[in-house]
Amino acid sequence: MRRTYLDHNATTSLRPEARAAMIEAMDACGNPSSVHAEGRAAKSIIEKARGQIAAAFGADGADIVFTSGSTEGASLALAGRNLHGSPLEHDAVRSWIREDLPVSETGAVTIEAPEQSTLQFANSETGILQDIPQGLAVTDATQAFGKLPIAFNWLGATMALISAHKFGGPKGIGAVILKRGTDLKAQITGGGQEMGRRSGTENVIGIAGFGAAAEAAARDLNNGVWEEISQFRNILENTLVDSARQSIFIGKDIRRLPNTLCIATPGWKGETQVMQMDLAGFAISAGSACSSGKVRASTVLTAMGYSPEVAQCAIRVSLGPDTTEEQVMRFAQVWLDKQKKHHARSA
């Protein structure tokens, strides 16, 4: 069976540039904390990647602290701070915040005290973007960086969370980007690596892939790759809107990620749709990858005012750099056919 992967917000394919950088880094046997030549060679791989990430994400002059991903980054940036936040945040962020910021039916979050708040840049389920206020304490930019032409230095946030596997890097490596001089209390203590902010011998191989992927992602943005992805998403959405009158297209006509489509079809459970489309050769999701498999309504959609019954019937389709127009049209045909059969059985 020919498979079509349309779950790029969960994770995306390892870029050839990242794979090559990681293979080359495997030959660096030294510990980057060692002062001998082998250690310095490993350290130079890390610093090259740090420079690639800073250039790709407009973070020149900022500190970049490597972590195992955005979940660890959230604990590093948020632990003990008791910041304001909203139910739209990823579970990794919600673990550390007060969920007291109001959310509108369009998914907009109202913030009155930016320096005491956290706000995601882009929602993984709906793709809806937020306006980041100047002075914001922390933004989870995991879904946004690599898909949108943004720069940390003009973003307005003091800290940003990113994760390599969302834009073609390896899994298990991420970073906190923060304005230089910002206090950050280490959650993992020991040898004092990463400027004393995250101890433990650095994942040299993962970091090498992270840097190469960031550089390639920036090149894609400059070359208009995500503009083409946006066109394919719009073609898919318009095709489904014309034929699926019973469905709700969440985030339509709202500023969103260029690749994300969230659809709720009342009475047709999201988990059921995921399984049916998987059997037909398509990989999609029923929400955030970290919460897939949990039979519960999306907190994102209920926070936007949708009933739990509707929220349980949502799916997310997220395109990537290798998605083609033929693939999205084939998806539309198969999904519409299954929706028609579902309604026939339910009638």
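**Note on the predicted model: the contact between domain 1 and domain 2**

1. Residues 4–83 of this predicted model are 49% helix and 9% strand, with 40 Å between the C-alpha atoms at the two ends. UniProt, in an unreviewed entry, lists residues 4–83 together with 123–331 under "domain: Aminotransferase class V".

2. The domain assignment divides the protein otherwise: domain 1 comprises 4–10 + 224–346, and domain 2 comprises 16–223. Taken over C-alpha atoms, the centres of domain 1 and domain 2 lie 27 Å apart.

3. Contact between the two involves 28 residues of domain 1 and 31 residues of domain 2. About 2400 Å² is buried between domain 1 and domain 2, with 55% of that area on carbon and sulfur atoms. Of the area that domain 1 buries against domain 2, 25% is supplied by Arg-255, Leu-257 and Met-304, more than by any other three residues.

4. Arg-255 also has a polar role in the model: its side chain meets that of Asp-131 in a salt bridge, at 2.7 Å from N to O. The count between domain 1 and domain 2 is 1 salt bridge, and 16 residue pairs, both at pLDDT 80 or more, are in polar contact.

5. On the side of domain 1 that touches domain 2, at least two residues each come from helix H7 (225–243), strand S9 (260–264) and helix H9 (299–303). H9 provides the largest share, 4 residues. By residue class, this side of domain 1 has 14 nonpolar, 9 polar and 5 charged residues.

Conventions. Residues numbered from 1 in each chain as written. Predicted model: local features only at pLDDT ≥ 70, side-chain atom pairs only at ≥ 80, totals over all residues. Heavy atoms only, no water. UniProt positions renumbered as here; feature names shortened; annotations may be inferred. Domains from an automatic or database assignment. Contact = heavy atoms within 4.5 Å. Buried area = accessible area lost by both parts, 1.4 Å probe. Salt bridge = Lys/Arg side-chain N within 4 Å of Asp/Glu carboxyl O. Polar contact = N/O pair within 3.5 Å; in protein donor to acceptor, adjacent residues only side chain to side chain. Nonpolar A, V, L, I, M, F, W, Y, C, P; charged D, E, K, R; others polar.
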